[in-house]
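Please open the structure in your viewer and keep the sequence at hand. The tour below proposes one selection after another and states what is to be found at each.

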Amino acid sequence: MGDSLKYQAAVFLIENMVGHNYAELVFFDSKENPIEFDALSYSNYDEASAVMSEIEKEYGELHYGRSNTIEDTQIITSEYLIKNIDQAFQSWQNNPWSKELSFEDFCEYVLPYRGSNEPIESWRGELMLKFSDLAKEMENISDPQEAGKILEKKANQVIGFDPIFYLHPTDQGFSEMKDRGIGRCEDITNMQIYARRAGGVAVASDYTPYWAKSGNNHAWSVVIGSDGKGYAPISGVAAKVYRKTFSEQLDSLGARLREGEIAPRWLKGKNYKDVTDSYVEVRDVGVWLKEIPKGEKYAYLCVFNSGHWRPIHWGVIEGEQVAFDRMGIDVLYLPVFHIAGQNIPASQPFILQKDGLPKTLLGGGGVVNINTATIK
């Protein structure tokens, strides 16, 4: 039975490995020319940010993109996979707080060897040894939430937050995080994931691509319960919260896109699912569209973040309408088309009010609250 499950675990990893990779990110100008900039060569965030501002005065606003991508399928060895699987099974089967965890959730939330797009390293064995006495620190050894909280605290002792890493967008590897001791929220989340998975605790990375009422974005780790769900308090207002998965989600936008079709970077992936309703009150919203460009199949809903309208969700255009499901309330939105890398307004901006009713800002109609009423 054990060998059969390990075989199924290997199949799970191999079948879902395509698309997982290490991505080195660098800055580009509006003409897609790479701009040399190393934030970590400066002493602090303010100094690095000041230099970045001077660069943008000369080259215009910068954005980051991939300069180098190394696919897992190119570098992972059978020895690495076997060791990872054996150690993951050991953590799952030998810890009392993981006894109720299903095999399916084990595969999705304990077994994976990476958290995001960081370099692949062997971290599991080292952390299993480091946390081998975890049960002695627990009041209830059958409680995965308690185990997860303790492991999170231990991970946070390894790496803390420094805003300078906002200007160093490449995810750090395990050894880099240990050596530097600082990173951005994505790095901290990955270390928390490593610690919890090493301890046999099911854990996922939840994230909002863009906050709805402030700048930037956020990612955090969350312990998955026996019901397959998870939640952790957040400090900002989220219009959308997604959960990273190792397995491909067939209802994701990336799984629907045909080769060559363009979509916003955050939304065209295949390895995420919508968990917004675990965090905030939501409503489904329908939007009447302006003139639809020929060939456009999707429209997007944006929040205003850091001076720009940022796509946060997508919907399939049907006739002259598009529906956006499970949107956070008390948020300002703008429907757009995404054409040639640009966001083109597709209808009026509107606020999805606290009572769940949409209110357009410029007068007139165009927005339908599918759950409740129509704005005319």
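Begin with helix H4, where Tyr80, Leu81, Asn84, Ile85, Gln87, Ala88, Phe89, Ser91 and Trp92 are buried. This is a predicted model, and every value on the tour is to be read in that light. Select residues 78-94 to display the whole of H4. How far apart are the end C-alpha atoms of H4? They are 24 Å apart, which agrees with the span that 17 residues should have at 1.5 Å a residue. When viewing the buried side chains, it is useful to recall that an α-helix has 3.6 residues a turn, so residues three or four places apart point the same way.

**Helix H9**

Next, select residues 185-198, which form helix H9. Is H9 largely enclosed by the rest of the structure or largely open? Of its 14 residues, 14 are buried, so H9 is largely enclosed by the rest of the structure. From the first C-alpha to the last, H9 reaches 20 Å, close to the 20 Å expected at 1.5 Å a residue. Step past the end of the helix to Gly200, which follows H9 and has a positive phi, near 75 degrees.

Within H9, select Asn190. At 0% relative accessibility, Asn190 counts as buried. Leaving aside neighbours within four places in sequence, Asn190 is in contact with Gly115, Ser116, Glu118 and Met177. A further selection of Ala204 shows a residue that lies 14 residues from Asn190 along the chain, with the two C-alpha atoms separated by 9.5 Å.

**Helix H7 against helix H9**

Keep H9 displayed and add helix H7, residues 144-156. The two helices pack at an angle of about 130 degrees, and their axes are 8 Å apart. That angle makes H7 oblique to H9. The crossing in which H7 passes H9 is right-handed.

Which residues of the two helices meet? From H7, show Gly148, Lys149, Leu151, Glu152, Ala155 and Asn156; from H9, show Ile188, Met191, Gln192, Ala195 and Arg196. Coloured by class, this contact of H7 with H9 has five nonpolar, three polar and three charged residues.

**Phe165**

Now select Phe165, in the loop between strand S4 (160-161) and helix H8 (174-180). Is Phe165 buried or exposed? With a relative accessible area of 1%, Phe165 is buried. Apart from neighbours within four places in sequence, the residues in contact with Phe165 are Leu40, Gln172, Arg180, Ile182, Gly183, Arg184 and Asp187. For a distance across the model, add Tyr231: this residue is 66 residues from Phe165 along the chain, and their C-alpha atoms are separated by 26 Å.

**Gly60**

Move to Gly60, in the loop between helix H2 (45-59) and strand S3 (63-71). Gly60 is partly exposed, with a relative accessible area of 27%. Select Asp29 as well: although 31 residues apart along the chain, Gly60 and Asp29 have C-alpha atoms separated by 6.6 Å.

**The loop between S6 and S7**

Select the loop between strand S6 (203-208) and strand S7 (218-223), in which Asn216 has its place. Ser214 lies in the loop between S6 and S7 as well. Ser214 is partly exposed, its relative accessible area being 34%. Adding Val303 brings in a residue 89 residues from Ser214 in sequence and 9.7 Å from it in space, C-alpha to C-alpha.

Asn216 is likewise partly exposed, with a relative accessible area of 30%. What is notable in its backbone is phi, near 70 degrees, a positive value in a residue other than glycine. Most residues other than glycine have a negative phi.

**Arg326**

For the last stop, select strand S13 (residues 321-328) and, within it, Arg326. Arg326 has a relative accessible area of 27% and is therefore partly exposed. What is the sign of phi at Arg326, positive or negative? Phi of Arg326 is near 50 degrees, a positive value in a residue other than glycine.

Note on methods
Residues are numbered from 1 along each chain as its sequence is written. This is a predicted model: local features need pLDDT of at least 70, side-chain atom pairs count only at pLDDT 80 or more; totals for chains, interfaces and linings use all residues. Side-chain values use heavy atoms; hydrogens and water are left out. Axes are lines fitted to C-alpha atoms, for helices over the stretch in contact, and angles run from 0 to 180 degrees between N-to-C directions. Helices (H or I, at least four residues) and strands (E, at least two) are DSSP runs, numbered from the N terminus. Angles under 35 degrees count as roughly parallel, over 145 as roughly antiparallel, 65 to 115 as roughly perpendicular and the rest as oblique. A crossing is left-handed if the near helix is turned anticlockwise from the far one by less than a right angle, and right-handed if clockwise. Contact means heavy atoms within 4.5 Å. Ala, Val, Leu, Ile, Met, Phe, Trp, Tyr, Cys and Pro count as nonpolar, Asp, Glu, Lys and Arg as charged, and the others, Gly among them, as polar. The expected span of a helix is 1.5 Å times one less than its number of residues. Buried means under 20% relative accessible area, exposed over 50%, partly exposed in between (1.4 Å probe, protein chains only).
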